[in-house]
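Load the model in your viewer and keep a selection box handy. We will go stop by stop, picking something to select and then looking at what surrounds it.

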Amino acid sequence: MTTAFDPVDLAGTRLANRIAMAPMTRSRAEAESRTPTALVAEYYAQRASAGLIITEGAQPTAIGQGYPNTPGLHSAEQIAAWREVTDGVHERGGRIFVQLMHAGRISHPQVLGDGLHPVGPSPVAPAGQLFAGSGLIDFVAPRELTAEEVWETIAGFATAARNAVEAGFDGVEIHGANGYLVQQFLASGSNHRTDEWGGPVENRIRFAVEVVKAVAAEIGPERTGLRVSPANTYNDIAETDTAEIYPALVEAIDPIGIAYLHVTEPAPEVRELTLALRKAFSGTLILNPATEGPTGPDALALIEDGTADLVAYGALFLANPDLPARLRAGGPYNTPDTATYFGGDHRGYTDYPAL
């Protein structure tokens, strides 16, 4: 029987175990340069015993930033700073992918600065508010990307992926979940386009597919992963055809041969779709399962019964940097500050010690 503590080959990258560290926004980058700091390097190095670390989202372009103090991967200074992070993880025997996250409409001119305005597939403002550094402010309607800008955005993902390899990452994860730009194209609630990027399912998956193709062509499919969150309503996402969109997306990207598909489940009811996607996808499946509160040790059974190849832990990794060892020993576990982590308030994310 396969267990969480068995090694696994991830498209040519050997992982020491099947326990992944999920991507979690930390808002610890330098405000002006958007470069990760020494604290960021320490934080990831301490968690290098994970089979795979997937970092917080890094914006592939300046206009992709969604929150204050998040890191980028679009400048030489940022590449050099990320090298300190990857070197620290590799020196401890770990493997690390960076998540490329374009926030799209989940942003604000006050966050972006430099006269930039959030962009999206359509000029549909999300409901709710965003923390922009000085307090909560209402979202604004994004500027609709032109067809030419859509291709430029795709190219931005590819360039950032090349920058990631230069920075020493083992690969990249494309963030297609949680209501950010890729999912905004997938969802009919945020995508009202009538051109080749909107309308029927085959058009709404096109942006995600082209981003995957571009990144895989730039750095190799074996270094490329994709994260999705079917039926997730976070960030005011409204999907009317989840059961059609995601099988079609997986069918379209499977021939590319990417390293993994990372599924995050917003509710237990999504498990049936997760199993269907696992069956349709030829590569490795990483699962961030639906749980009440932080994912716990019980989730390891999902590897043993074949539901997933790796299980991704979020909040429990924050409180327990040596989580794989604690899972193997059956505890004890430090308790995550779930009021801060799950509250959606990015002010709290900087309060965690680097432990």
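## First stop: Thr35

Select Thr35 and Ser33 and show their side chains: the two side chains make a polar contact at 2.7 Å. Keep in mind along the way that this is a predicted model. Thr35 sits in the loop that runs between strand S3 (19-21) and helix H1 (38-45). Is Thr35 buried or exposed? Its relative accessibility is 6%, so Thr35 counts as buried.

Now expand the selection to what Thr35 touches. Leaving out residues up to four places away in sequence, you should find Ala29, Glu30, Glu77, Gln78 and Ala81.

## Along helix H2

Gln78 and Ala81 are among the buried residues of H2, so carry on by selecting residues 76-91, the 16 residues of that helix. At 1.5 Å a residue H2 should span 22 Å, and its end C-alpha atoms are 23 Å apart, which agrees.

Colour the buried positions next: Gln78, Ile79, Ala81, Trp82, Val85, Thr86, Gly88 and Val89. Those buried residues pack against H1, strand S4 (52-58), strand S5 (96-100) and helix H4 (147-166). Just after H2, click on Gly93 and check its backbone: phi is positive there, at about 85 degrees.

## Into the cores

Which residues have the most contacts inside the largest nonpolar core? Select Tyr44, Leu73, Phe207, Leu226, Leu249, Leu261 and Tyr313; the core they belong to has 78 residues. Helix H7 (residues 206-219) gives the most to this core, with 9 residues. Apart from it lies another core of 13 residues, including Leu15, Ala20, Ala259 and Ala312. As background, nonpolar side chains tend to be buried together in soluble globular proteins.

Zoom in on Tyr44. Beyond its neighbours within four places in sequence, Tyr44 is in contact with Met21, Ile53, Thr55, Glu56, Val85, Val89 and Ile96. Val85 and Val89 will be familiar from the buried residues of H2.

## Two buried stops: Ala160 and Gly171

Move to helix H4 and select Ala160. With a relative accessibility of 1%, Ala160 counts as buried. Setting aside residues up to four places away in sequence, Ala160 touches Pro60, Leu73 and Leu100. For a distance check, draw a line from Ala160 to Leu116: the two are 44 residues apart in sequence, and their C-alpha atoms are 19 Å apart.

Then select Gly171, in strand S10 (residues 171-176). Gly171 also counts as buried, at 1% relative accessibility. Its contacts, with residues up to four places away left out, are Ile96, Phe97, Val98 and Arg223. Try the distance tool here as well: Gly171 and Pro221 are 50 residues apart in sequence, with 9.2 Å between their C-alpha atoms.

## Salt bridges

How many salt bridges does the count come to? The count is 9, and we will visit a few.

Begin with Arg204 and Asp241, whose closest N and O atoms are 2.6 Å apart. Arg204 lies in helix H6 (residues 201-204) and Asp241 in the loop between strand S11 (224-228) and helix H8 (242-253), so this pair ties together parts that are 37 residues apart in sequence. Arg204 is buried, with a relative accessible area of 5%, and Asp241 counts as buried at 12% relative accessibility.

Go on to Glu265 and Arg271, where the side chains meet in a salt bridge of 2.8 Å, N to O. Here Glu265 counts as buried, at 6% relative accessibility, whereas Arg271 counts as partly exposed, at 23%.

Finally, select Arg326 and Asp322, a salt bridge of 2.6 Å, N to O. Asp322 counts as partly exposed, with 33% relative accessibility.

## Last stop: helix H9

Select residues 271-280, which form helix H9, and highlight the buried Leu273, Thr274 and Leu277. Look down the axis of H9: these buried residues fall within an arc of 105 degrees, so they line one face of the helix. An α-helix has 3.6 residues a turn, so residues three or four places apart point the same way.

Rotate to the face turned away from the buried side, and you will meet the exposed residues Glu272 and Lys279. Then rotate back to see what covers the buried residues of H9, including H8, strand S12 (260-264) and strand S13 (284-288).

How values were computed
Residues numbered from 1 in each chain as written. Predicted model: local features only at pLDDT ≥ 70, side-chain atom pairs only at ≥ 80, totals over all residues. Heavy atoms only, no water. Helix = DSSP H or I, 4+ residues; strand = E, 2+ residues; numbered from the N terminus. Buried < 20%, exposed > 50% of the residue type's maximum accessible area, 1.4 Å probe, protein only. Polar contact = N/O pair within 3.5 Å; in protein donor to acceptor, adjacent residues only side chain to side chain. Contact = heavy atoms within 4.5 Å. Expected span 1.5 Å × (residues − 1). Core = buried A, V, L, I, M, F, W, Y, C linked by side-chain atoms within 4.5 Å. Salt bridge = Lys/Arg side-chain N within 4 Å of Asp/Glu carboxyl O. Arc of directions from axis to C-beta.
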